[in-house]
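User: I'm new to this one. Could you take a close look at a single part, the place where two helices pack together, and walk me through it?

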Amino acid sequence: MCSMIGQGVANTIWFGSSSSRLAIFSDSSPTQPRTSQPTSMTDGLPQLRSRIDDIDTRLVQLLNERASVSISIGSAKKDLGIISQPHIPKREQEVFAQAERLNHGPLPNSAIQAIYREIMSASIALQKDTTIAFLGPRGSYSYQSAYEKFGDSLSYIEKSTIRAVFEAVESGSVTYGLVPFENSTFGTVQQTLDWFVAAAPETRVMVRGETYLAVHHCLLSNTSKDKIKRVYSHPEALGQCSKWLDANLPYVERVNAPSTSKAADIAANEAGAAAICSAVCADLYSLNVLDENIEDLKNNTTRFFIIGHVMDAPTGRDRTLIQFTVDHRQPGALCDALNVMKQREINLTKIDSRPSGQRMWHYVFFVECEGHPQDTPLKDAIGDLNNFCIDVRVLGSYMSLRQ
C-alpha cells in the first residue's frame, strides 16, 4: 500500500509526499470534501484520456515513493540487527484489509487485492532476493497457488517432487517452498506428511503460512475421448475425479504422475494418452480441452503450506501443527495425549497418522490445533504432551486464513 504518512482532518488519509499528495476518504461524513463527480458527457475523449494520463503520473510517483519507503524499512531493520522474513503473512493481511476498507468502488475488492498483491511482491523483491520452490512443471496447481500468493516479481524454482521442494528449503537454496497439504475432496496429501516423518529431528524446515486454491480439473488430450487408453495425473487429482472417471472412462487405465502438469507433458508426447490437470496446461503443452470441471465436488479446494526456516510471532488467529508418537502397547495412550488439549480447551482442527517406518504397525500422529506455541495454554499443553508421548515436535505455526 502507498505509504501512510499522516492524518488529515476528519477521516482523510493522506498518501505521498507534500508535493504530490493523494487523499482517500474513509467515509462520507459531511465534514469531508466531496469526491469527484462522474465526468460530464460533454467532456471529449481527448480530455478524458488526458485526465487518465495525469492520474497515471501521480500513481507512478506514489508507487515509487512507497517502494522507497519499503527499501528504507529493510535498511532500518538491517541497521538494528533485526532478522525479518521478507514475507510476513500478518502484515500482508493487514494491508489487504486496509485497502478493502478504503475501497468505495467502482473497483471490486478482488481487483484491489490483486493490485496490492503485485505492489507487495515488487516491494519484497526490492528488499531481498526471494525465491519460491514449487512442485512443477509450470502449470501445476502448486505453481498457480504460489504465483497467486507471491506475485510476479519473485523468482520461482520448479521441483520434480514434493520431497525436492522440502530439500530445497532445508538446504537454503530457496527462501520458501510451497507444498500441498490437504484437499477438501480427497483429504491429506500423504507425501507432505511423509517428509516430516522421515525428516531428522534437527531439521530447520517449519510451516510458516497457508494458502488456498480453488481447483477445477479438465481432461486434456490430442486424442478423441473414445480412443484414450491411459489417463495420467497426480494421485490427488485422480482421486478428486474418481466418480467422473468411473462414469465416463470406466475402462481406461489410470496412471499416477508426479504432478498434474507433468501429466500434461506426458499426454502431449504419448499417443492415446490424456491428462487431468488445469486448463492452463492446454496452452502450455498444446493439448485440447475435452471436458471441463470434471472434479466430483464443485467446491474442490486445496490447502497449501508455505514452508521456511522460522515461524512468525502470534497473530491471535493462529494454528499449529504438532507431530508425536505414543507407546502403542499402552491402552489409551493416544486418548491421554488428546485429553491434554481438551483440558486446556484447545480446539483440534485436524488429526492424521502415517506409518513411522521404524517397525510394522507403528504410527506417527499429526495434530493441527488452534493457537500458537507462545500462547500459554498451548505452551503448557505441549509441555504436558511429553508426559504421554514420544518425539513431540512442533512443525510450525501459521496465521489461519480459513474463512
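Analyst: Let's start with a bit of vocabulary: an angle between axes under 35 degrees counts as roughly parallel, over 145 as roughly antiparallel, 65 to 115 as roughly perpendicular, and the rest as oblique. Keep in mind that this is a predicted model.

Now for the pair itself. Helix α2 covers residues 89-102 and helix α3 covers residues 109-127; their axes come within 10 Å and cross at roughly 140 degrees. That angle falls in none of the three named ranges, so α2 and α3 are oblique to each other. As for handedness, α2 passes α3 in a right-handed crossing.

Which residues make the contact? On the α2 side they are E92, V95, F96, A99 and E100. From α3 come N109, I112, Q113, Y116, R117 and M120. Sorted by class, the contact between α2 and α3 has six nonpolar residues, two polar ones and three charged ones.

For a bit of context, have a look at the sheet elsewhere in the model. Five strands form an open sheet with mixed pairing, in the order β11-β10-β12-β9-β13. β11 (253-256) and β13 (288-292) are the edge strands with a single partner each, so each has one side without a neighbour in the sheet. On average, neighbouring strands here are turned by 30 degrees against each other, direction ignored. Within that sheet, β10 (residues 230-233) and β12 (residues 273-277) pair in the parallel sense over three bridges, and V231 stands opposite A274 in β12. Helix α9 (residues 260-269) lies across β10 and β12, running at about 160 degrees to β12.

Note on methods
Residues are numbered from 1 along each chain as its sequence is written. This is a predicted model: local features need pLDDT of at least 70, side-chain atom pairs count only at pLDDT 80 or more; totals for chains, interfaces and linings use all residues. Side-chain values use heavy atoms; hydrogens and water are left out. Axes are lines fitted to C-alpha atoms, for helices over the stretch in contact, and angles run from 0 to 180 degrees between N-to-C directions. Helices (H or I, at least four residues) and strands (E, at least two) are DSSP runs, numbered from the N terminus. A crossing is left-handed if the near helix is turned anticlockwise from the far one by less than a right angle, and right-handed if clockwise. Contact means heavy atoms within 4.5 Å. Ala, Val, Leu, Ile, Met, Phe, Trp, Tyr, Cys and Pro count as nonpolar, Asp, Glu, Lys and Arg as charged, and the others, Gly among them, as polar. Two strands pair if DSSP finds at least two bridges between them.
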